[in-house]
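Trainee: Could we go through some of the terms used for this model, and see what each of them rests on?
Mentor: Let us bring it up and take the terms in turn.

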Amino acid sequence: AIQLSTRQSSNYEYIMPSAFHQSAPKSRCAHTAGGRTLLGAIDTADYPGGVYFSELGNGFHFLVSPDNDLADTSATSIQFPNELPQTFLHSSISTFGSSAVYFWTNEALYQFSVVGIGDILRFSKLGPHGTIYPGSVAEHKTGVYWLDSDNQVRRLGNGIEPISQFKVDDL
């Protein structure tokens with residue numbers, strides 16, 4: 001404990017660190033959306049791998065035992081067994097006031113729908129085409145492009161399309 005004193009002999013005691021504020025999980029990627037920090041965490045002794053959401057308005061507050069309630073303002077997480085987080089992309093395309101945050105692992109592509117501040121409404125797996133090249137993810141006009149784990153360029157628009165299949169030779 002740290003004790004602070006003033007001239008009036010008042011004693012203020014603060015316990016450091018607070019039991020309510022845990023350190024952030026060891027992560028490969030990070031993003032902010034809807035007033036929260038999202039971390040793509042890897043497996044450690046303290047945290048299983050997955051996406052960790054900070055408490056609303058406190059981007060540095062993560063819980064060791066999240067309450068798994070995305071509609072709440074508290075910290076939470078979603079685990080992805082045997083998948084390695086790669087990168088996030090916050091889409092600039094909005095649909096009915098909702099924006100999308102895409103998340104890639106080495107094995108799959110996921111989407112989080114965000115409306116307003118703090119409301120992460122829906123989480124879904126879009127497909128089995130992840131990436132091991134996080135720097136390859138880009139958005140252009142109405143599509144999101146990336147190099148997947150099978151070395152194929154994919155486009156996410158009205159579904160996931162392999163745009164380089166049978167067009168690019170591996171020499």
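Mentor: What follows is a set of questions about strands, exposure and cores. This is a predicted model, in which local features need pLDDT of at least 70 and side-chain atom pairs count only at pLDDT 80 or more, while totals for chains, interfaces and linings use all residues. Residues are numbered from 1 along each chain as its sequence is written, and side-chain values use heavy atoms, with hydrogens and water left out.

Trainee: How do you know that S12 and S13 are paired?
Mentor: Strands are DSSP runs (E, at least two residues, numbered from the N terminus), and two of them pair if DSSP finds at least two bridges between them. Strand S12 (residues 143–147) and strand S13 (residues 153–157) are joined by four bridges and run antiparallel, so the condition is met. In one of these pairings, Val 144 has Leu 156 in S13 as its bridge partner.

Trainee: What makes S11 and S14 the edge strands?
Mentor: The open sheet has four strands in the order S11-S12-S13-S14, with antiparallel pairing, and strand S11 (138–140) and strand S14 (159–162) each pair on one side only.

Trainee: Why is Lys 141 called exposed?
Mentor: Exposed means over 50% relative accessible area, buried means under 20%, and partly exposed lies in between (1.4 Å probe, protein chains only). Lys 141 has a relative accessible area of 68%, and is therefore exposed. Lys 141 lies in the loop between S11 and S12, and its phi is near 55°, a positive value in a residue other than glycine.

Trainee: Why does Asn 151 count as partly exposed?
Mentor: Asn 151 has 37% relative accessibility, which falls between the two cut-offs, so it counts as partly exposed. Asn 151 lies in the loop between S12 and S13, and also has a positive phi, of about 60°, although it is not a glycine. Most residues other than glycine have a negative phi.

Trainee: What makes a group of residues a nonpolar core?
Mentor: The term means a set of buried Ala, Val, Leu, Ile, Met, Phe, Trp, Tyr and Cys residues joined through side-chain atoms within 4.5 Å. The largest such core has 14 residues, and Leu 38, Val 51 and Phe 88 are among those with the most contacts inside it. The largest share of this core, three residues, comes from S9. A second, separate core of nine residues includes Leu 89, Ala 100, Val 144 and Leu 156.
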